[in-house]
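User: Could you take a close look at one residue for me and tell me how it sits in the fold? I'd like the surroundings too, not just the spot itself.

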Amino acid sequence: DENGKQVLDLEAAKMSKYFKERLRNIKFRYPAEIRMKGLAIGVEFKKKGYATQIMERCMEKGLLFSDLDSYIFTLFPALSIDKKIAERGLDILEKCV
């Protein structure tokens, strides 16, 4: 229904802001360009292979996402993602950079 969609949109907007804030505060080894449209997230590095290294380290710790190429990784969390789950995933990502 329309009310449910509005609630989902509002929650997705809150989570988008949370992801943006957390990603901007991660101390990546190389400069990162973070691009977002809602919860569609891309993080690009100038260093070839760095995105793939991060993705592989995260996979070893149970966090799955993909790299577009060796410069960019993408995150597409569910629109209904819970903040605790997002926090846990971003904590893993932060430990793998």
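Analyst: Quick bit of vocabulary before we zoom in: a residue is called buried when its relative accessible area is under 20%, and exposed when that value is over 50%. Keep in mind that this is a predicted model. The residue to look at is leucine 93, which belongs to helix 3, the stretch covering residues 83-95. Its relative accessibility is 1%, so leucine 93 counts as buried.

Now, what surrounds it? If you skip the neighbours within four places in sequence, leucine 93 is in contact with Leu23, Ile26, Ile54, Cys58, Leu63, Phe65 and Phe73. Take Cys58 from that list: cysteine 58 and leucine 93 are separated by 35 residues in sequence, yet their C-alpha atoms are 6.1 Å apart.

Zooming out, the protein chain has three helices and four strands, and their order along the sequence is α-β-β-α-β-β-α. Among contacts with a separation of 6 or more, 55% link residues 24 or more positions apart. As for burial across the whole protein chain, 40% of the 97 residues count as buried, leucine 93 being one of the buried residues.

On overall dimensions, the radius of gyration is 14 Å, which agrees with the value near 13 Å for a compact globule of 97 residues. Along the principal axes, the C-alpha atoms fill a box of roughly 45 × 25 × 20 Å. The surface comes to about 6,400 Å² exposed, with carbon and sulfur atoms supplying 53% of it. And for the electrostatics: there are 19 positive and 15 negative charges, and their mean positions lie 6 Å apart.

Terms used: Residues are numbered from 1 along each chain as its sequence is written. This is a predicted model: local features need pLDDT of at least 70, side-chain atom pairs count only at pLDDT 80 or more; totals for chains, interfaces and linings use all residues. Side-chain values use heavy atoms; hydrogens and water are left out. Helices (H or I, at least four residues) and strands (E, at least two) are DSSP runs, numbered from the N terminus. The radius of gyration is taken over C-alpha atoms; the globule rule is 2.2 Å times the number of residues to the power 0.38. Buried means under 20% relative accessible area, exposed over 50%, partly exposed in between (1.4 Å probe, protein chains only). Contact means heavy atoms within 4.5 Å. Accessible areas come from the Shrake-Rupley method with a 1.4 Å probe; for residues, only the protein chains shown count as cover. Lys and Arg count as positive and Asp and Glu as negative; His and the chain ends are not counted. The place of a charge is taken as NZ of Lys, CZ of Arg, CG of Asp or CD of Glu.
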